[in-house]
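Me: I'd like to go through this structure with you before I set anything up. Can we take it piece by piece?

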Amino acid sequence: MQGTVLKVEVGDGDAIAAGTVICVVEAMKMENEITAHVAGKVTELSVSEGAAINAGDQIAKIEQG
């Protein structure tokens, strides 16, 4: 989805569980929580608060394990 990142809930190096909220994106005046689909370690966070994102943009890389 296209929108603006309102909050980033994780940081590089954080260990997260599946379902953890990575960030909150505002799109069409609605807030959408973007969650991790797997458990692991955040190895690359590609968004920041206030940044615009588009459909297909990478939000984070998660290393499983």
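Reply: What follows covers the sheets, the salt bridge and a charged surface patch of this predicted model.

Me: Start with the sheet that holds strand 5: what is the strand order, and how is the pairing?
Reply: The three strands form an open sheet in the order 2-5-7, and the pairing is antiparallel. Strand 2, residues 15-16, and strand 7, residues 60-63, are the edge strands, and since each has a single partner strand, one side of each is left without a neighbour in the sheet.

Me: How many bridges join strand 2 to strand 5?
Reply: Two bridges connect strand 2 with strand 5, which spans residues 40-45, and these strands run antiparallel. As for individual positions, I16 is placed opposite G40 of strand 5.

Me: And the other sheet, the one with strand 3 in it, what order does that have?
Reply: That open sheet has four strands in the order 4-3-1-6, with antiparallel pairing. The edges are taken by strand 4 (30-35) and strand 6 (52-53), and because each has a single partner strand, one side of each has no neighbour in the sheet.

Me: How many bridges are there between strand 3 and strand 4?
Reply: Strand 3, residues 21-27, is joined to strand 4 by six bridges, with the two running antiparallel; one pairing to look at is A27, whose bridge partner in strand 4 is M30.

Me: Switching to charges, how many salt bridges does the structure hold?
Reply: There is one salt bridge in the structure, and it is made by the side chains of E44 and K61, with an N to O distance of 3.8 Å. The pair links distant parts of the chain, as E44 belongs to strand 5 and K61 to strand 7, 17 residues apart.

Me: Are those two side chains buried or exposed?
Reply: Neither label fits, as E44 has a relative accessibility of 33% and therefore counts as partly exposed, while K61, with a relative accessible area of 41%, is also partly exposed.

Me: Which residues form the negative surface patch?
Reply: The negative patch on the surface is made up of E9, E26, E31, E33 and E49.

Me: Where does E9 lie, then?
Reply: E9 is found in the loop that runs between strand 1, residues 3-8, and strand 2. With a relative accessibility of 44%, E9 counts as partly exposed, and the cut-off that matters for joining a patch is over 30% relative accessible area.

Notes
Residues numbered from 1 in each chain as written. Predicted model: local features only at pLDDT ≥ 70, side-chain atom pairs only at ≥ 80, totals over all residues. Heavy atoms only, no water. Pairing = 2+ DSSP bridges. Salt bridge = Lys/Arg side-chain N within 4 Å of Asp/Glu carboxyl O. Buried < 20%, exposed > 50% of the residue type's maximum accessible area, 1.4 Å probe, protein only. Patch = residues over 30% accessible without salt bridge, like charges linked within 9 Å, V, L, I, M, F, W, Y side chains within 5 Å. Areas by Shrake-Rupley, 256 points an atom, 1.4 Å probe, with all protein chains shown as cover. Lys, Arg positive; Asp, Glu negative; His and termini not counted. Charge placed at Lys NZ, Arg CZ, Asp CG, Glu CD.
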